[in-house]
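Subject: Structure for your files

Hello,

Here is the structure I said I would pass on. My notes on it follow below the model.

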Amino acid sequence: MQDERKDNDIRQQDEPERNTAGEQSGQPHLSEETADSEVLEASSNGGGDGSDDGTRIIQVEIRKEMRKSFIDYSMSVITARALPDVRDGLKPVHRRILYSMYKDGITPDKAFRKSAYTVGSVLAHYHPHGDASVYDALVRLAQTFSLRYPLVEGQGNFGSQDGDPPAAQRYTEARMSRVSLNMLTDIEKETVDFGPNYDDTDSEPLVLPSRFPNLLCNGSSGIAVGMATNIPPHNLGEVIDATVHLIDHPDCGLSELMEHLRGPDFPTGGQIMGRSGIRAAYATGRGRIILRGKADIEDLTGGRQRIVITETPYMVTRSRIVTGIADLVKDKRVENITALRDESNLDGTKIVVELRRDANAQVILNQLYSFTLLQDTVGVIMLALVNGQPRILNLKMMLEEYVRHQVDVIERRTKFDLNKAQERAHILEGLKRAIDLIDEIIATIRRSADTPSSRKALIERFDFTEPQAAAIVAMQLGRLSGLERQKIEDELGQLQIRIAELTSILEVPGKIQEIIKTELLEIKRKYNNPRRTEIMEVSGEMDIEDLIPVEDCVITRTYYGYMKRQPVETYHTQRRGGRGISGLSRREEDFVEDLFICSTHDYILFFTSKGRVFRLKGYEIPEGSRASRGSNIINLLQLEEGEKVSAMIQVKDPNADLYLTMVTKNGIIKRTALSAFKNVRKVGLIAISLDEDDSLRFVRLTTGEDELIIGTRRGMAIRFSESGVRTLGRTARGVKAIALGDEDEVVDMARVHPGATLLTVAENGLGRRTALSEYRLQSRGGKGILNYRVDKKGTAVAGIKVVGEDDDVIIITDEGVIIRVPVSDITIQSRYGGGVRTMRIGEESRVVTLARAPHEEAAEQAAGEEKEKAAADETQISGEIAEALEEDFEEEAPEEEADDE
């Protein structure tokens with residue numbers, strides 16, 4: 001019976017978690033009772049296998065059920081348990097603990113309350129899980145060795161740095177710390193959104209106002225499903241200085257921010273070895289920091305020495321270090337140690353290692369760093385929830401999200417105060433007017449039957465509003481004196497000044513930012529303290545870019561916004577008419593929309609359909625395998641809803657004397673100096689102003705003297721000189737490049753090169769090259785000339801490219817199939833030629849885009865050979881090993897002469 005009761009308790013604790021998983025993830029959750037009722041209802045209607053025993057078996061595909069259940073569970077863990085919100089740096093359980101203590105009045109100016117009281121309150125109102133999870137979270141909020149700025153002040157045994165567990169919740173007491181009050185400042189002024197709790201009987205904040213950057217100050221760690229976060233703590237003063245600098249200089253770079261925020265500052269001190277790991281973490285959101293404990297070598301009598309360890313790496317218990325040293329001595333891996341003592345106490349860490357007379361203390365200390373946890377590697381993964389979605393953020397993005405949150409908090413607080421002030425001023429104006437009409441008002445009230453009729457009479461006769469009439473009816477006779485009248489006028493005057501101040505905060509640009517800076521600096525003045533972790537210089541240290549090889553790579557972008565980086569050798573050459581290889585593992589109806597070749601150390605400018613531009617380094621785009629789908633672009637760029645990347649440009653030197661020439665879907669062209677885009681913020685810059693029904697389609701890097709060819713989907717083309725387009729500012733609209741016909745749009749733009757030809761590929765896979773001499777030079781803005789005859793289904797133009805004899809062309813279909821074809825295999829025809837088959841595609845498929853690439857000699861030699869021979873002999877083809885070629889090399893289909901005619 002006891003075991004049965006225990007099992008029931010476990011099931012009851014697990015049930016809310018399962019229900020919450022469905023609610024938090026937004027997926028429908030079917031309870032056992034609902035499922036049973038549907039089965040019974042279906043059986044009563046004659047469904048099932050025809051049996052009349054009142055039962056019915058519903059067949060469910062196990063794969064779909066497992067998929068749905070796993071998604072429900074993983075979304076619950078990601079959004080409602082394991083990851084912090086970028087705005088307040090808290091997970092839901094921590095947020096609920098602080099809010100519950102705030103509501104219950106367990107503040108720093110009040111007495112301590114039992115931890116069990118807070119745990120019970122959190123469970124009763126907000127957290128539908130076990131008490132152990134709440135108490136463990138509360139304990140960590142109070143541990144001075146876990147949090148750089150503890151948010152809870154504890155009294156009793158809350159664990160130790162030696163790994164000792166805390167006392168039971170009935171024995172310890174806790175209250176909010178002083179710094180944690182700043183997490184909830186003005187929460188009663190509607191500064192944040194609230195949502196219903198787990199049983200709809202109460203409401204809880206979805207985020208806290210967080211008047212200081214708690215996520216960076218205290219850090220966070222957590223393991224979700226398929227992802228993890230590990231954000232180290234930092235010094236509050238340095239974080240606030242960096243935030244203030246970002247507010248003053250929105251376009252600042254990483255180096256400027258790191259002048260204020262030097263690196264992590266762990267509560268247990270220690271020494272960070274070098275800055276490369278810090279810079280990598282701040283630049284990309286991922287990095288590895290080498291952290292050492294602090295140790296000193298002291299001289300003893302008789303020529304002996306000892307090592308005294310006074311600080312340990314973060315989250316490493318002292319007992320593990322002592323045990324590790326003892327094991328080294330026992331196994332004789334480290335010699336000349338005569339004594340080992342842990343003399344740590346409440347005042348701090350002190351681990352003493354005594355050495356023999358002839359021992360070299362520095363050598364032994366280096367051995368301890370190498371073989372024990374006295375030196376540890378801290379992996380940094382700056383992953384947090386942004387608008388409910390997990391994203392890896394660099395330092396600047398994290399600070400920008402916090403500033404954006406504070407702007408929202410200040411705006412909502414100001415609107416709340418303004419509404420209250422206006423309501424109070426409105427009532428005071430009514431009272432002031434009522435004193436002048438007091439005799440008539442008294443007579444009106446005396447004639448009324450009751451209070452509601454009195455208010456109604458005042459509204460009808462004197463044109464008071466409902467709030468004014470209610471205040472007049474409730475007004476005491478003592479308010480009729482001259483002194484009270486003066487008080488009303490003085491209060492009204494102060495309120496009018498206050499209303500003007502609040503209005504100016506909302507209307508004058510920059511005032512909200514100044515308030516944020518003032519309040520942050522005040523928090524710094526109250527709670528800042530010196531750094532505890534030293535940052536040591538390491539000779540010969542390499543920066544993150546020095547560790548990344550310079551190599552060519554292919555950037556692939558799909559229609560649904562998945563991007564990846566791959567070595568350029570991944571796509572080996574096939575002859576014209578081949579079937580191609582699969583370029584990615586795609587979701588249904590997704591296809592590769594763009595492909596770009598660059599170096600890992602080049603800048604890449606991303607132009608979006610809404611006319612904005614972003615910038616990344618090549619290595620900042622995650623690398624993926626040939627068949628992988630890649631990472632979603634929203635994890636890399638801060639795109640708005642409905643915004644897509646329409647062009648990617650390789651830039652080696654942002655200060656080069658070059659131009660960015662942009663063309664829109666509706667044939668508008670604009671030319672802007674490249675130097676105008678040398679400082680691109682993470683939130684993007686405006687690259688071109690667009691008409692309401694237009695979108696940015698193509699961008700090319702030009703010299704100022706280039707000739708351009710623009711092709712349309714209905715087969716028209718126009719060639720004109722770039723000099724005919726005047727240089728415009730970054731936010732200008734542009735001028736007309738080509739006059740489009742009905743239902744036509746621009747499909748591509750290319751630059752003219754001497755000795756090259758114009759490649760045109762239709763959606764049905766037919767393509768041809770045409771001499772550039774057949775395209776006469778015209779003035780921009782005309783209709784152009786016929787480039788390709790579009791007279792039947794499938795012959796619409798997919799794209800054009802100016803290519804040379806030594807180039808390859810990469811052709812992509814909407815099914816995600818990619819083929820690389822030597823340009824020399826495609827015949828040269830006139831503008832009226834139909835072309836040859838460049839790629840075999842299915843009846844329902846179509847070519848969507850093409851890209852020019854350098855020619856590959858090794859791959860060309862291997863094309864046409866048998867799969868077995870290629871796997872055995874051509875192991876170096878396209879940089880792939882024989883096993884990879886065995887898997888993806890397709891036999892070439894025989895050419896059909898009829899296609900060439």
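**Helix α4 and the core**

In α4, the buried residues are Pro 92, Val 93, His 94, Arg 95, Arg 96, Ile 97, Leu 98, Tyr 99, Ser 100 and Met 101. Buried here means under 20% relative accessible area, exposed means over 50%, and partly exposed is in between (1.4 Å probe, protein chains only). Before going further: this is a predicted model, in which local features need pLDDT of at least 70 and side-chain atom pairs count only at pLDDT 80 or more, while totals for chains, interfaces and linings use all residues. Residues are numbered from 1 along each chain as its sequence is written, and side-chain values use heavy atoms, with hydrogens and water left out.

Helix α4 covers residues 92–103. Helices (H or I, at least four residues) and strands (E, at least two) are DSSP runs, numbered from the N terminus. The 12 residues of α4 span 16 Å from first C-alpha to last, close to the expected 16 Å; the expected span is 1.5 Å times one less than the number of residues. Of those 12 residues, 10 are buried, so the helix is mostly covered. Just after α4, Gly 105 has a positive phi of about 75 degrees.

Ile 97 of α4 is also among the residues with the most contacts inside the largest nonpolar core, along with Leu 151, Leu 184, Phe 212 and Met 398. That core has 97 residues, and helix α13 (residues 395–436) gives the most to it, with 15 residues. A nonpolar core is a set of buried Ala, Val, Leu, Ile, Met, Phe, Trp, Tyr and Cys residues joined through side-chain atoms within 4.5 Å. A second, separate core of 20 residues includes Ala 295, Val 334, Leu 365 and Leu 368. Leaving aside residues up to four places away in sequence, Ile 97 touches Thr 118, Val 122, Val 134, Ala 137, Leu 138 and Leu 141, where contact means heavy atoms within 4.5 Å.

**Cysteines**

The structure holds 0 disulfides, a disulfide being a pair of cysteine sulfur atoms within 2.5 Å. Cys 217 is buried at 0% relative accessible area, and Cys 252 is buried at 2%.

**A four-stranded sheet**

One open sheet of 4 strands runs in the order β25-β22-β23-β28, with antiparallel pairing. The edges are β25 (645–651) and β28 (685–686); each has a single partner strand, so one side of each is left without a neighbour in the sheet. Two strands pair if DSSP finds at least two bridges between them. β23 (residues 612–617) and β28 pair over 2 bridges, and Val 613 has Leu 685 in β28 as its bridge partner.

**Positive phi outside glycine**

Most residues other than glycine have a negative phi. Asp 186 has a positive one, about 65 degrees. Asp 186 lies in the loop between β3 (173–176) and β4 (194–196) and counts as buried at 13% relative accessibility. Lys 332 also has a positive phi, near 60 degrees. Lys 332 sits in the loop between α11 (318–330) and β12 (337–342) and, at 65% relative accessibility, counts as exposed.

**Salt bridges**

How many salt bridges does a search of the whole structure find? The count is 52, with a salt bridge taken as a side-chain nitrogen of Lys or Arg within 4 Å of a carboxyl oxygen of Asp or Glu.

- Arg 95 pairs with Asp 88, the closest N and O atoms being 2.8 Å apart. Arg 95 is buried at 8% relative accessibility, and Asp 88 is buried at 0%.
- Glu 763 pairs with Arg 713, with the closest N and O atoms 2.7 Å apart. Glu 763 is in the loop between β34 (757–762) and β35 (766–771), and Arg 713 is in the loop between β30 (707–712) and β31 (716–721), 50 residues apart. Glu 763 is buried at 15%, whereas Arg 713 is partly exposed at 25%.
- Arg 769 and Glu 805 meet at 2.7 Å, N to O. Arg 769 is in strand β35 and Glu 805 in the loop between β37 (797–803) and β38 (807–813), 36 residues apart. Arg 769 is buried at 4%; Glu 805 is partly exposed at 45%.

Asp 186 appears here again: a network of salt bridges links Asp 186, Lys 189, Arg 211, Arg 413, Asp 417, Arg 498, Glu 501 and Glu 519.

Regards
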